[in-house]
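Ready to walk through a model together? Have a look at the sequence and the fold first, and then we can talk them over.

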Amino acid sequence: MRIFATVMMNIHFAPIQGYTEDVYRRLHNKIFGGVDVYYTPFVRIEHGDVRSKDMRDVRPQFNEGVNIVPQVIASGGGELKMLLDKLIPMGYKRIDINMGCPFPLQTKHGRGAGLMANPEKVKEIAKVIKERSDIQFSVKMRLGLDNADEWKEVISILNEVPLVQITVHPRIATQQYKGELNMEAFDSLLNECKHPIIYNGEIQSVEDILRIEKTYGDKIAGVMIGRGLLARPSLAFEYKNGTTLSDSQLISKIRELHSHLLEHYQTIIPGEAQQLNKIRTFWDYMEETIGRKNWKKLKKAGNMKNYIAALP
Ligand SMILES: Cc1cc2nc3c(=O)[nH]c(=O)nc-3n(C[C@H](O)[C@H](O)[C@H](O)COP(=O)(O)O)c2cc1C
């Protein structure tokens with residue numbers, strides 16, 4: 001049991017496209033808990049309209065009891081307004097704007113981290129933020145598209161508009177989600193930015209959270225965790241409660257989460273092969289948690305029967 005720090009940091013569950021969908025968030029919140037805020041994977045415009053698959057993920061009736069913030073990805077003021085026109089009538093008053101997605105499919109259209117290299121487009125977004133004082137906005141960004149200085153101009157623009165927070169993943173887009181974290185640049189950004197900052201990147205354990213807590217204390221407003229929570233869904237709960245689940249407690253809770261997810265996919269996805277394809281991704285980040293041998297068996301199972309037999 002550790003001695004509690006005076007201030008417990010807020011834990012934000014990072015949006016991970018294809019993993020942290022509505023049903024996962026709902027079940028995680030119920031079975032594991034410990035997370036203060038969940039973010040939806042980004043809602044985007046495709047072929048001139050908001051994707052209906054994304055709209056389904058944010059429906060309030062599928063997110064009941066879970067503190068969620070819808071995230072949007074937009075190339076500028078026009079797309080942002082279109083997205084707001086769809087989301088705000090659903091009852092949301094809080095929106096996160098993605099300026100960090102490194103995938104070329106988005107950046108080549110100027111979205112996500114593409115914005116980091118285009119201050120004029122960031123100004124358009126800032127204008128919408130200013131105009132829509134009825135909505136609370138936050139931003140999730142990285143240091144730049146292909147240059148770790150790009151954040152400077154972006155932050156000077158964002159400093160002029162009201163924001164709940166800025167989440168920072170201290171890498172540039174060309175690194176995607178690998179390689180060295182530029183903590184020096186993160187520290188400079190923290191000094192320059194007038195808004196509360198959430199740290200995001202490579203948090204895998206309670207020790208990692210405590211290290212950030214010790215380094216930054218109340219200079220940051222919390223941490224956002226993605227892959228670390230997918231790998232160990234108990235991470236936020238363990239940090240909040242100063243406890244560590246035993247291996248058997250953890251596996252039993254993971255199985256509970258898994259069985260509810262599978263049940264859900266069996267009702268909404270036609271065809272066993274498709275259900276298996278979907279549920280199998282549940283283990284993608286869990287190799288260390290369940291051991292390589294178990295993990296490989298699950299990955300290789302050719303049908304549902306073998307898959308069920310391979311569950312840890
Ligand atoms: C497969 C995948 C999908 C992601 N989808 C999103 C997304 O929709 N929106 C977003 O802001 N970030 C997205 N991210 C980035 C994560 O939110 C997070 O910033 C990143 O994984 C780094 O945090 P971590 O080291 O704690 O995982 C994605 C990352 C991965 C690996």
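The questions below go from the whole chain to single residues of this predicted model.

Q: How compact is the chain, judged by its radius of gyration?
A: The chain holds 15 helices and eleven strands. For 312 residues the globule rule gives 20 Å, and the chain is close to that, so it is as compact as a globular protein of that length. The C-alpha atoms fill a box of roughly 55 × 50 × 35 Å along the principal axes. The radius of gyration itself is 20 Å.

Q: What share of the contacts in the chain with a separation of 6 or more comes from residues 24 or more positions apart?
A: One such pairing is Arg142 with Gly100, which touch each other. Taking the contacts with a separation of 6 or more, the share from residues 24 or more positions apart is 71%.

Q: Which residues are closest to the ligand?
A: The shell around the ligand has nine nonpolar, ten polar and three charged residues. In all, 22 residues surround the ligand, and the closest are Ala14, Gln17, Pro41, Gly226 and Arg227.

Q: Which helix gives the most to the largest nonpolar core?
A: That core has 63 residues, and those with the most contacts inside it include Val72, Ile97 and Met116. Val72 touches Leu80, Leu83, Ile95 and Ile97, among others. The helix that gives the most to the core spans residues 119-131 and supplies five residues; it is α5.

Q: Where around the axis of α3 do its buried residues fall, on one face or on opposite faces?
A: The buried residues of α3 are Glu79, Leu80, Leu83 and Leu87. An α-helix has 3.6 residues a turn, so residues three or four places apart point the same way. Those of α3 pack against elements including β6, β7 and α5. Seen down the axis, they fall within an arc of 100 degrees, so they line one face.

Q: What covers the buried residues of α6?
A: In α6, residues 151-158, the buried ones are Trp151, Val154, Ile155 and Leu158. Their arc around the axis is only 100 degrees, which puts them on the same side of α6. What covers them includes α5, β8, β9 and α7.

Q: Why does Arg142 count as buried?
A: Arg142 lies in strand β8, where it touches Met116, His169 and Arg171, among others. A residue is buried if 20 or more other C-beta atoms lie within 10 Å of its own. Arg142 counts as buried because its C-beta neighbours inside 10 Å number 28.

Q: How far apart are the C-alpha atoms of Arg142 and Met99?
A: Along the chain, Arg142 and Met99 are 43 residues apart. In space, their C-alpha atoms are separated by 7.1 Å.

Q: Is Gly34 buried, partly exposed or exposed?
A: Gly34 is found in the loop between α1 and β2, and it touches Ile11, Ala236, Phe237, Tyr239 and Lys240. Buried needs 20 or more other C-beta atoms within 10 Å, and exposed 12 or fewer. Gly34 has 18, so it is partly exposed.

Q: How many Å separate Gly34 and Pro196, C-alpha to C-alpha?
A: In sequence, Gly34 and Pro196 are 162 residues apart. In space, C-alpha to C-alpha, the separation is 21 Å.

Terms used
Residues are numbered from 1 along each chain as its sequence is written. This is a predicted model: local features need pLDDT of at least 70, side-chain atom pairs count only at pLDDT 80 or more; totals for chains, interfaces and linings use all residues. Helices (H or I, at least four residues) and strands (E, at least two) are DSSP runs, numbered from the N terminus. The radius of gyration is taken over C-alpha atoms; the globule rule is 2.2 Å times the number of residues to the power 0.38. Two residues are in contact if their C-beta atoms, placed from the backbone, lie within 7 Å. A residue is near a molecule or strand if its C-beta atom, placed from the backbone, lies within 6 Å of it. Ala, Val, Leu, Ile, Met, Phe, Trp, Tyr, Cys and Pro count as nonpolar, Asp, Glu, Lys and Arg as charged, and the others, Gly among them, as polar. A nonpolar core is a set of buried Ala, Val, Leu, Ile, Met, Phe, Trp, Tyr and Cys residues joined through C-beta atoms within 7 Å. The arc is that of the directions from the helix axis to the C-beta atoms.
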